[in-house]
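Work through the exercises below with the coordinates open, and try each task before reading its solution.

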Amino acid sequence: MKIFNYLLCAILFTSFSTYAQNDVKAERQQGHTNQNKFKQLYDEFSTPNVFRTGSGAPGPGYYQQQADYKMDIEIDDVNAKLYGDETITYTNNSPDELKYLWVQLDQNMRAKDSKTPLIGSSEISPANLSSSVVKSYLKESFDGGFNIMHVKDVNGNNLQHTINRTMMRVELPRAINTGDKFSFQIKWWYNINNHVKDRGRSGYEYFEEDDNNLYTIAQFYPRMAVYNDVEGWQNSQFWGRDEFALPFGDFDVNITVPADHILDGTGVLTNREEVFTKEMMKRYKKALKSYDDPVMIVTDEDARNAEKSKSKDKKTWKLSAKMVRDFGFATSRKFLWDMMAVKLGEKDVMAVSLYPKEGNPLWEQWSTKAVASTLKTYSRMTFDYPYHKAISVNTPMGMEYPMICFNFGRPDKEGNYSDRTKYGMIGVIIHEVGHNWFPMIVNSDERQWTWMDEGLNTFTQYVAEQDFGEWYPDALSPQHKAFPSRRGPAKNIVRYMGGDQNFIAPVMTKGLNTYQFGSNAYSKPATALNILRETVMGRELFDYSFKEYANRWKFKHPTPEDFFRTMEDASAVDLDWFWRGWFYTTDYTDIGVKEVKKFAVTTTPNDNGKRLAERYNRDPESLVYFIEEGAEGFEDAMKTNASLDDLPTVKEYIMDNFTPDEQKAMKKAPKYFYQITFDKPGGLVMPLIVEYTYADGTKSRETYPAQVWRLNDKEVSKAIASDKEIVSVQVDPDLETADVDTSNNSWPIEVKESDFDKFKGRARD
Ligand SMILES: [Zn+2]
């Protein structure tokens, strides 16, 4: 009987509640669109297989190709030309037989017959600088494409090859099978571009004052394309935007430059004694043990002296690198050079900077320290930096290669700089050094998925910037307590996500085809991960899973699914809805509080109650009634304002059903009852974070999981029983969900400051 009693109460209560109505409404809605935001991502994800498992880890059949390079490079500084000769040894680890190899000729994007300029749209501008008119309409375009002199096998026989714009197919004399190696030679040269005038990730910067070039050189050699289980050959053309997909390999590179140049690049310098002066060797040995401050290897004075003349002699710098996916270097007689050691676990890594005197005083102060700080944060968030050095080079752009990156940021001629310049410089150094992890070691396919390196890297950059601000407070301007990160905080993405949907693409879009590239491939995924860490998963689960992903895929080639799957696999947090919303759609967050209904509780029967009591054959006096504010009986019930457990019928029920100990353990004594309806005009599903403020000024918070929207994507109601009166309700009080419209986030609707001031003014009158 007692059980029956309880059930009846439950039935009656449910019939009053709105849950049932919501469910019906929700079902109707779903039938309509047939799309649930919590639907598993089976249609979007590739099927797990022997190469890549459902857990997001490499499978038992996982393989990757290897490309080893031996190169001789010479820079003709007078004519700005690069000459190269390389032997590539390609190892086929795939289970497939290969008839031909694809080699990337990225510089052909700058060839005279490049189609890159033709895919843009161009307009006549009513007012123009004469320099841009000359460049656009008078000048022949710069010819910076590769001139391939020959492609030969190791015995000197020509190999048949076909160049299709930025890709070259090399025919193999005989097909290569699993485990086979094939070596071949390519000889080439090209005109180095002025990357400041013509833009570009590599090239030279010209300094008129002392008539010198500063070279930051990359994509300078024919590079093997990736062959894998996902794409076969990744030979999608290089149009200039989507970056690179490259296999790992070992590099031995000899670079010949004017004898008065200072050079550094990817790999260990194997002939240091030959290219360093005695003085430089002495300073270098000191730097190896300097953990707090950089040591100058080439001083300002040295560099100013070197700038004054031009040596006719040559010097060859020899660099050797193991397990890198690419190679870059910088060379100039203008370079100052400093280094310091960084302890990472048991190992010392050198943080290194190369910059012209024009970079000072900013560069000698902060570059190497920013490198050191980045190495520490990224190692903590992922895995210890595996290489022996990380170099930051000053040039007017930001671009990354293994162990070396190019970074902007310079004071004006008088040495003055704005906060923007300083933070921009530190930020770009952290970002580009961070690229050593994504994509140089966690080697994703940039040609296909920009966000996989830029998004993950920009997220980690945010964490590293906050660390840098903490570790080097002197670098912050007095008005800043923390590093003012541009990308990462949820509120900074609101403008983009709430913008014109015609110019927003999902993150899962090839970079070339996306609008607002920076927001799409950098800011949005970085913010999504930050929200995932701070709001959805929590730091502990997120950090563990992020680290797991990095470790599973270091020195390997992950795909988006490998990342998505690992984050779930290591955390037990269902995230299909999150990936779908943030990565596969352009939906935005907009959650609000729609209405708050207040109820009073009583046992005095009303008409509704009498009807129901009759239907279930119950004594009307034995039921509990919730009366909505404004309805008949509400005021009377509020006058008594009884605590729920004071109602005789409830009291009786407790006495009959609970042991004395259980009764004592009951502590709740709610007196105020609310039904609060939250609505969601935005398409994005997010946790519902609510702050309740009570009449006594205290506050409480509740985070309802995102799944609260699973049956009704538009609105959800919550029945709240409280011992204190609720005076206000605030959705997303800390602005952590990137809610694009906060005008609907509070109840009662927040009085705008101006209205409030008016009100205050009137009150004084
Ligand atoms: Zn980047």
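## Exercises on the chain

In this predicted model, the secondary structure of the chain amounts to 20 helices and 31 strands. Buried residues account for 53% of its 765 residues.

**Exercise 1.** Identify the protein donors of the zinc ion, and decide which class their arrangement belongs to.

*Solution.* Begin with the donor atoms, which are NE2 of His 431, NE2 of His 435 and two OE atoms of Glu 454, lying 1.9 to 2.6 Å from the zinc ion. Next, take the angles that these four donor atoms subtend, which run from 56 to 151°. Four donors count as tetrahedral if all angles lie between 85 and 135 degrees, and the arrangement around the zinc ion is irregular because of its 56 to 151° range.

**Exercise 2.** Place the donors of the zinc ion along the chain.

*Solution.* The spacing of the donors reads H-x3-H-x18-E. His 431 belongs to helix 8 (residues 419–434) and Glu 454 to helix 10 (residues 450–471), so this pair ties together parts that are 23 residues apart in sequence. Both His 431 and Glu 454 are buried.

**Exercise 3.** Describe how helix 12 and helix 13 are packed, starting from their axes.

*Solution.* The axes of helix 12 (residues 517–537) and helix 13 (residues 539–553) come within 7 Å and cross at roughly 135°, which makes helix 12 oblique to helix 13. Turning to the contact, residues of helix 12 including Leu 529, Leu 532 and Met 537 meet residues of helix 13, among them Leu 541, Phe 542 and Phe 546. The residues of this contact divide into six nonpolar, one polar and four charged.

Key:
Residues numbered from 1 in each chain as written. Predicted model: local features only at pLDDT ≥ 70, side-chain atom pairs only at ≥ 80, totals over all residues. Heavy atoms only, no water. Donors = N, O, S within 2.8 Å, 3.2 Å for Na, K, Ca; no water. Tetrahedral: all angles 85-135°; square planar, octahedral: opposite > 155°, others 65-115°. Helix = DSSP H or I, 4+ residues; strand = E, 2+ residues; numbered from the N terminus. Buried < 20%, exposed > 50% of the residue type's maximum accessible area, 1.4 Å probe, protein only. Axes fitted to C-alpha atoms, helices over the stretch in contact; angles between N-to-C directions. Parallel < 35°, antiparallel > 145°, perpendicular 65-115°, else oblique. Contact = heavy atoms within 4.5 Å. Nonpolar A, V, L, I, M, F, W, Y, C, P; charged D, E, K, R; others polar.
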